[in-house]
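Visitor: I've got a model open and would like a tour of it. Can you walk me through it?

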Amino acid sequence: MICQHYCPTVRFSVQSTEIRTQNNMQTMKSAGKSLMEALVCAQSEARLTVGVYESAKIMTEDPDSVSFCVLATDEQFEWDVALQIHFTLIQSFCFDNDISIVRVSDTQRLADIVGDKAEQLEDAHCVLITNPADGSWEDPALEKLHLFCEESRRLNDWVPEISLPER
């Protein structure tokens, strides 16, 4: 009661923070949905590369072909030093080549989205979406992701984390 009377800006600040938090949660859900749509679209057009080593090979051979990068880890791999070193190198490469990049914290969910039902993907820690060969394609979901990453970088969140939607 005293705070409201003497410090109305504090009350507004708390409400403003709550609104921003709600907006951020909504943005995260939207980004997660866009990521899932972009992955499904790219998979149907054979424009996905799955795996740390396979992704590194594509980025080395033809970095201009890469449109988007997804890094995935969960508690099981959090302390895997080799994987974290690969992530650092991939992130650096993406920054140097203006490739949008995000993290997801559910490797199994990502594997479920990009994996073939007949085979179990064990190395879904890095997934690349490449550009189509003819260059005449635009994916609204991927465009939303690029804008999300751009906005995140403006807020000094260089590798934003996205939650993939449930099934």
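Visitor: How many of the five residues of S4 are buried?

Guide: Ground rules: this is a predicted model, where local features need pLDDT of at least 70, side-chain atom pairs count only at pLDDT 80 or more, and totals for chains, interfaces and linings use all residues. Residues are numbered from 1 along each chain as its sequence is written, and side-chain values use heavy atoms, leaving out hydrogens and water. Strands are DSSP runs of E with at least two residues, helices are runs of H or I with at least four, and both are numbered from the N terminus; buried means under 20% relative accessible area, exposed over 50%, and partly exposed in between, with a 1.4 Å probe and protein chains only. S4 is largely enclosed by the rest of the structure, because the buried count is five of five.

Visitor: Which residues of S4 point the other way from Cys126, Leu128 and Thr130?

Guide: Cys126, Leu128 and Thr130 share one direction, and they are buried. The residues pointing the other way are buried too: Val127 and Ile129.

Visitor: What is the strand order in the open sheet?

Guide: Strands count as paired if DSSP finds at least two bridges between them. S2 and S4 run antiparallel with five bridges, and S1 and S4 are antiparallel over three. The sheet has five strands and mixed pairing, in the order S1-S4-S2-S3-S5.

Visitor: Which strands stand at the edges?

Guide: Each edge strand has a single partner, so one side of it is left without a neighbour in the sheet. Those strands are S1 and S5 (161-162).

Visitor: Which residue in S4 is the bridge partner of Val50?

Guide: Leu71 pairs with Cys126 in S4, so to speak a separate spot on that strand. Val70 stands opposite Val127. For Val50, the bridge partner is Val127.

Visitor: Which residues of helix H3 are buried?

Guide: Seen down the axis of H3, the buried residues fall within an arc of 65° (taken from the directions from the helix axis to the C-beta atoms), so they line one face of the helix. The face turned away carries the exposed Tyr53, Lys57, Thr60 and Glu61. The buried ones have contacts (heavy atoms within 4.5 Å) with S1, S2, H4 and S4. They are Val52, Ser55 and Met59.

Visitor: Is Ile85 buried, partly exposed or exposed?

Guide: Ile85 sits in helix H4 (residues 81-96). Its relative accessibility is 46%, so Ile85 counts as partly exposed.
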